[in-house]
Amino acid sequence: MSQNRPAIEVDVVMRREPVTGPMSRWQAWRWVLGDVLLRADPDETPALVPDEHHEAQAVEPVDATAHPGASHWLFPRFRVELFRDDSEGYFLNLNSPTPCFWVVWRTDDERLIDGEPLAVPQIVTLSYHDAGRWLDAQERVDQVAAPPEVLGWLRGFVDATYQPEPKRRQRPDSFKPLTDRFGQPVRISTEKRRGGGGGGGGGGGPRADGGGAPHG
(Lines give C-alpha, C1' and ligand atoms only; values in the text may rest on other atoms or scores of the structure.)
Protein backbone atom coordinates (compact mmCIF):
# COMPACT_ATOMS: atom_id res chain seq x y z
CA MET A 1 0.00 0.00 0.00
CA SER A 2 1.28 3.45 -0.91
CA GLN A 3 1.59 5.84 2.05
CA ASN A 4 0.81 8.69 -0.36
CA ARG A 5 -2.61 7.31 -1.27
CA PRO A 6 -5.48 9.09 0.53
CA ALA A 7 -7.03 6.77 3.12
CA ILE A 8 -9.17 6.54 6.23
CA GLU A 9 -9.84 3.72 8.67
CA VAL A 10 -13.33 2.57 9.64
CA ASP A 11 -14.95 0.01 11.93
CA VAL A 12 -17.70 -2.20 10.54
CA VAL A 13 -20.65 -3.29 12.68
CA MET A 14 -22.60 -6.39 11.63
CA ARG A 15 -25.98 -7.09 13.19
CA ARG A 16 -27.52 -10.52 13.81
CA GLU A 17 -31.26 -10.11 14.17
CA PRO A 18 -34.27 -12.45 14.44
CA VAL A 19 -36.34 -12.96 11.32
CA THR A 20 -40.00 -12.14 11.74
CA GLY A 21 -43.07 -13.05 9.74
CA PRO A 22 -43.60 -16.12 7.53
CA MET A 23 -39.90 -16.35 6.62
CA SER A 24 -39.06 -17.23 10.24
CA ARG A 25 -40.36 -20.76 9.58
CA TRP A 26 -37.31 -21.41 7.40
CA GLN A 27 -34.75 -18.95 8.81
CA ALA A 28 -34.60 -17.91 12.45
CA TRP A 29 -31.77 -15.34 12.12
CA ARG A 30 -30.21 -13.13 9.51
CA TRP A 31 -27.10 -10.95 9.23
CA VAL A 32 -27.23 -7.36 8.00
CA LEU A 33 -24.78 -4.47 7.89
CA GLY A 34 -25.35 -2.38 11.00
CA ASP A 35 -23.04 0.59 10.49
CA VAL A 36 -19.66 1.85 9.30
CA LEU A 37 -17.94 4.12 11.83
CA LEU A 38 -15.06 6.47 11.11
CA ARG A 39 -12.10 5.45 13.27
CA ALA A 40 -9.14 7.40 11.85
CA ASP A 41 -9.31 10.46 9.60
CA PRO A 42 -7.05 11.12 6.58
CA ASP A 43 -4.44 12.88 8.72
CA GLU A 44 -4.21 10.07 11.30
CA THR A 45 -4.36 7.04 9.00
CA PRO A 46 -0.91 7.27 7.31
CA ALA A 47 0.84 6.85 10.67
CA LEU A 48 -1.05 3.65 11.54
CA VAL A 49 0.18 0.14 10.84
CA PRO A 50 -2.57 -1.63 8.83
CA ASP A 51 -4.58 -4.27 10.68
CA GLU A 52 -5.07 -7.41 8.58
CA HIS A 53 -7.04 -9.42 11.17
CA HIS A 54 -10.07 -7.31 12.14
CA GLU A 55 -10.91 -9.48 15.15
CA ALA A 56 -14.63 -9.43 15.94
CA GLN A 57 -15.81 -7.84 19.18
CA ALA A 58 -19.30 -8.14 20.66
CA VAL A 59 -20.65 -4.63 21.30
CA GLU A 60 -23.78 -3.05 22.70
CA PRO A 61 -25.72 -0.63 20.47
CA VAL A 62 -26.35 2.94 21.55
CA ASP A 63 -30.11 2.34 21.27
CA ALA A 64 -30.86 -1.22 22.38
CA THR A 65 -34.58 -0.79 21.68
CA ALA A 66 -34.07 -0.14 17.95
CA HIS A 67 -33.53 -3.84 17.13
CA PRO A 68 -35.00 -6.07 19.86
CA GLY A 69 -33.27 -9.43 20.24
CA ALA A 70 -30.35 -8.50 17.97
CA SER A 71 -26.64 -8.84 18.70
CA HIS A 72 -23.92 -6.60 17.27
CA TRP A 73 -20.36 -7.46 16.26
CA LEU A 74 -17.70 -4.85 15.54
CA PHE A 75 -14.82 -5.55 13.14
CA PRO A 76 -12.16 -2.86 13.59
CA ARG A 77 -9.80 -0.99 11.32
CA PHE A 78 -10.73 -1.50 7.71
CA ARG A 79 -8.72 0.80 5.50
CA VAL A 80 -10.61 2.69 2.78
CA GLU A 81 -8.24 4.02 0.13
CA LEU A 82 -8.92 6.33 -2.80
CA PHE A 83 -7.49 5.56 -6.24
CA ARG A 84 -7.07 8.20 -8.93
CA ASP A 85 -8.13 5.81 -11.69
CA ASP A 86 -11.45 5.18 -9.94
CA SER A 87 -12.43 8.82 -9.47
CA GLU A 88 -15.50 8.31 -11.67
CA GLY A 89 -16.74 5.64 -9.26
CA TYR A 90 -16.47 8.10 -6.37
CA PHE A 91 -18.14 10.82 -8.45
CA LEU A 92 -21.12 8.54 -9.14
CA ASN A 93 -21.39 7.71 -5.44
CA LEU A 94 -21.40 11.39 -4.46
CA ASN A 95 -24.11 12.13 -7.01
CA SER A 96 -26.38 9.27 -5.95
CA PRO A 97 -29.48 9.95 -3.79
CA THR A 98 -27.68 8.63 -0.68
CA PRO A 99 -23.85 8.56 -0.90
CA CYS A 100 -22.66 5.58 1.07
CA PHE A 101 -20.11 2.99 2.09
CA TRP A 102 -20.42 -0.43 0.48
CA VAL A 103 -19.31 -3.49 2.45
CA VAL A 104 -18.61 -6.92 0.99
CA TRP A 105 -19.16 -9.65 3.58
CA ARG A 106 -19.18 -13.44 3.75
CA THR A 107 -20.17 -16.01 6.35
CA ASP A 108 -17.35 -17.97 8.00
CA ASP A 109 -18.26 -21.59 8.73
CA GLU A 110 -15.32 -21.91 11.13
CA ARG A 111 -16.47 -19.03 13.35
CA LEU A 112 -19.85 -19.82 14.87
CA ILE A 113 -22.38 -17.84 16.90
CA ASP A 114 -24.97 -20.12 18.55
CA GLY A 115 -24.06 -22.78 16.02
CA GLU A 116 -24.43 -20.46 12.99
CA PRO A 117 -21.63 -18.96 10.84
CA LEU A 118 -20.41 -15.48 11.72
CA ALA A 119 -20.81 -12.74 9.10
CA VAL A 120 -17.34 -11.33 8.38
CA PRO A 121 -16.71 -8.13 6.40
CA GLN A 122 -14.11 -8.46 3.66
CA ILE A 123 -13.77 -5.04 1.99
CA VAL A 124 -15.12 -1.53 2.48
CA THR A 125 -15.26 0.92 -0.43
CA LEU A 126 -16.67 4.27 -1.53
CA SER A 127 -16.53 3.33 -5.22
CA TYR A 128 -19.73 2.81 -7.18
CA HIS A 129 -17.78 0.78 -9.75
CA ASP A 130 -16.26 -1.55 -7.14
CA ALA A 131 -19.69 -2.26 -5.65
CA GLY A 132 -21.10 -3.05 -9.08
CA ARG A 133 -18.31 -5.50 -9.88
CA TRP A 134 -18.81 -7.38 -6.62
CA LEU A 135 -22.56 -7.57 -7.15
CA ASP A 136 -21.94 -8.94 -10.64
CA ALA A 137 -19.71 -11.58 -9.03
CA GLN A 138 -22.65 -12.65 -6.81
CA GLU A 139 -21.01 -11.37 -3.63
CA ARG A 140 -23.04 -10.12 -0.65
CA VAL A 141 -22.83 -6.34 -0.73
CA ASP A 142 -24.65 -4.08 1.76
CA GLN A 143 -24.55 -0.30 2.04
CA VAL A 144 -24.93 2.33 4.71
CA ALA A 145 -24.96 6.12 4.41
CA ALA A 146 -21.54 7.77 4.79
CA PRO A 147 -21.21 10.63 7.32
CA PRO A 148 -20.73 14.26 6.19
CA GLU A 149 -17.03 14.39 7.16
CA VAL A 150 -16.28 11.41 4.92
CA LEU A 151 -18.29 12.86 2.03
CA GLY A 152 -16.44 16.18 2.33
CA TRP A 153 -13.10 14.35 2.12
CA LEU A 154 -14.30 12.29 -0.84
CA ARG A 155 -15.63 15.37 -2.64
CA GLY A 156 -12.26 17.10 -2.30
CA PHE A 157 -10.55 14.12 -3.91
CA VAL A 158 -13.05 13.97 -6.77
CA ASP A 159 -12.79 17.71 -7.44
CA ALA A 160 -9.01 17.36 -7.73
CA THR A 161 -8.87 14.19 -9.86
CA TYR A 162 -12.05 13.58 -11.84
CA GLN A 163 -11.93 14.49 -15.51
CA PRO A 164 -15.27 13.74 -17.26
CA GLU A 165 -14.84 12.14 -20.66
CA PRO A 166 -15.82 14.52 -23.48
CA LYS A 167 -19.14 13.65 -25.09
CA ARG A 168 -18.75 11.99 -28.45
CA ARG A 169 -20.23 13.90 -31.35
CA GLN A 170 -23.39 12.21 -32.55
CA ARG A 171 -23.06 10.80 -36.02
CA PRO A 172 -25.47 12.43 -38.52
CA ASP A 173 -28.27 10.19 -39.76
CA SER A 174 -26.95 10.52 -43.31
CA PHE A 175 -23.86 8.54 -42.26
CA LYS A 176 -25.79 5.71 -40.63
CA PRO A 177 -25.93 2.46 -42.62
CA LEU A 178 -29.24 1.60 -44.28
CA THR A 179 -30.99 -1.52 -43.01
CA ASP A 180 -34.11 -3.41 -43.96
CA ARG A 181 -37.03 -4.15 -41.59
CA PHE A 182 -35.05 -7.02 -40.06
CA GLY A 183 -31.97 -4.94 -39.36
CA GLN A 184 -29.95 -6.42 -42.21
CA PRO A 185 -27.72 -4.09 -44.28
CA VAL A 186 -29.20 -2.95 -47.59
CA ARG A 187 -27.06 -2.89 -50.73
CA ILE A 188 -27.88 -0.23 -53.31
CA SER A 189 -26.69 -0.72 -56.90
CA THR A 190 -26.26 2.17 -59.33
CA GLU A 191 -25.71 -0.18 -62.28
CA LYS A 192 -28.24 0.33 -65.12
CA ARG A 193 -30.25 -2.80 -65.97
CA ARG A 194 -30.00 -4.10 -69.51
CA GLY A 195 -33.14 -4.96 -71.43
CA GLY A 196 -34.29 -8.57 -71.17
CA GLY A 197 -36.20 -10.82 -73.55
CA GLY A 198 -39.61 -9.51 -72.53
CA GLY A 199 -41.57 -7.82 -75.28
CA GLY A 200 -43.11 -5.03 -73.27
CA GLY A 201 -42.48 -1.39 -74.10
CA GLY A 202 -39.44 0.56 -72.95
CA GLY A 203 -39.67 -0.91 -69.41
CA GLY A 204 -37.32 1.58 -67.78
CA GLY A 205 -38.34 0.71 -64.19
CA PRO A 206 -36.46 -1.79 -62.01
CA ARG A 207 -37.52 -5.43 -61.96
CA ALA A 208 -36.97 -8.12 -59.36
CA ASP A 209 -34.52 -10.82 -60.40
CA GLY A 210 -36.24 -13.91 -61.68
CA GLY A 211 -39.24 -12.13 -63.24
CA GLY A 212 -42.85 -13.13 -62.59
CA ALA A 213 -44.41 -16.55 -62.23
CA PRO A 214 -44.36 -18.75 -65.42
CA HIS A 215 -47.49 -18.79 -67.62
CA GLY A 216 -49.46 -21.96 -67.74
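The following conversation between a visitor and a guide walks through a predicted model and asks what lies behind the words used for its parts.

Visitor: Which elements does the chain have, and in what order do they run?

Guide: The chain has three helices and seven strands, and from the N terminus on they follow the pattern β-β-β-β-α-β-β-α-β-α. Of its 216 residues, 31% count as buried.

Visitor: What is the order of the strands in the sheet of four?

Guide: The order in this open sheet is β2-β1-β4-β3, and the pairing is antiparallel. From one strand to the next, the twist averages 35 degrees.

Visitor: What makes β2 and β3 the edge strands?

Guide: Strand β2, residues 29-40, and strand β3, residues 57-59, each pair on one side only, and that is what puts them at the edges.

Visitor: How do you know that β1 and β2 pair?

Guide: Two strands are said to pair if at least two bridges are found between them. Strand β1, residues 7-18, and β2 are joined over 10 bridges in the antiparallel sense, so the condition of at least two is met. One of the partnerships is that of Met14 with Leu33 in β2.

Visitor: Which helix packs on this sheet, and which strands does that helix touch?

Guide: Helix α3, residues 148-161, packs on the sheet and touches β1, β2 and β4, the last of these being residues 71-81. The direction of α3 makes about 140 degrees with that of β1.

Visitor: What is the order of the sheet of three strands, and why is one side of each edge strand left without a neighbour?

Guide: The order is β6-β5-β7 in an open sheet with antiparallel pairing. Strands β6 (116-125) and β7 (140-145) stand at the edges with a single partner strand each, so one side of each has no neighbour in the sheet. On average, neighbouring strands here are turned by 40 degrees against each other, direction ignored.

Visitor: How do you know that β5 and β7 pair?

Guide: Strand β5, residues 100-113, and β7 are joined in the antiparallel sense over six bridges, and pairing asks for at least two, so the two strands qualify. Among the bridge partners are Val103 and, in β7, Asp142.

Visitor: Why is the contact of Arg79 with Glu9 called a salt bridge?

Guide: The term asks for a side-chain nitrogen of Lys or Arg within 4 Å of a carboxyl oxygen of Asp or Glu. The closest N and O atoms of Arg79 and Glu9 are 2.8 Å apart, so the pair earns the name. Because Arg79 lies in strand β4 and Glu9 in strand β1, the pair ties together parts that are 70 residues apart in sequence. Both Arg79 and Glu9 are buried, and they are linked with Arg77 in a network of salt bridges. The structure holds 10 salt bridges.

Visitor: Is Asp11 buried or exposed, and what about Arg39?

Guide: Buried means under 20% relative accessible area, and exposed means over 50%. Asp11 has 9% and is therefore buried, whereas Arg39, at 44%, falls in between and is therefore called partly exposed. The side chains of Asp11 and Arg39 meet in a salt bridge, with 3.1 Å from N to O. Since Asp11 lies in strand β1 and Arg39 in strand β2, this pair ties together parts 28 residues apart in sequence.

Visitor: What makes Arg15 and Glu17 count as buried?

Guide: The relative accessible area is 11% for Arg15 and 9% for Glu17, and under 20% counts as buried. Their side chains also meet in a salt bridge, at 2.9 Å from N to O.

Visitor: Why is Val49 called exposed?

Guide: The relative accessibility of Val49 is 64%, and exposed means over 50%, so the word applies. Val49 has its place in the loop between β2 and β3. Leaving aside neighbours within four places in sequence, Val49 is in contact with Arg77 and Arg79.

Visitor: Why are α1 and α3 called oblique to each other?

Guide: Helix α1, residues 87-94, and α3 pack at an angle of about 130 degrees, with their axes 9 Å apart. Roughly perpendicular covers 65 to 115 degrees and roughly antiparallel begins over 145, so α1 and α3 are oblique to each other. The residues that meet include Tyr90 and Phe91 in α1 and Leu154 and Phe157 in α3.

Methods:
Residues numbered from 1 in each chain as written. Predicted model: local features only at pLDDT ≥ 70, side-chain atom pairs only at ≥ 80, totals over all residues. Heavy atoms only, no water. Helix = DSSP H or I, 4+ residues; strand = E, 2+ residues; numbered from the N terminus. Axes fitted to C-alpha atoms, helices over the stretch in contact; angles between N-to-C directions. Contact = heavy atoms within 4.5 Å. Buried < 20%, exposed > 50% of the residue type's maximum accessible area, 1.4 Å probe, protein only. Parallel < 35°, antiparallel > 145°, perpendicular 65-115°, else oblique.
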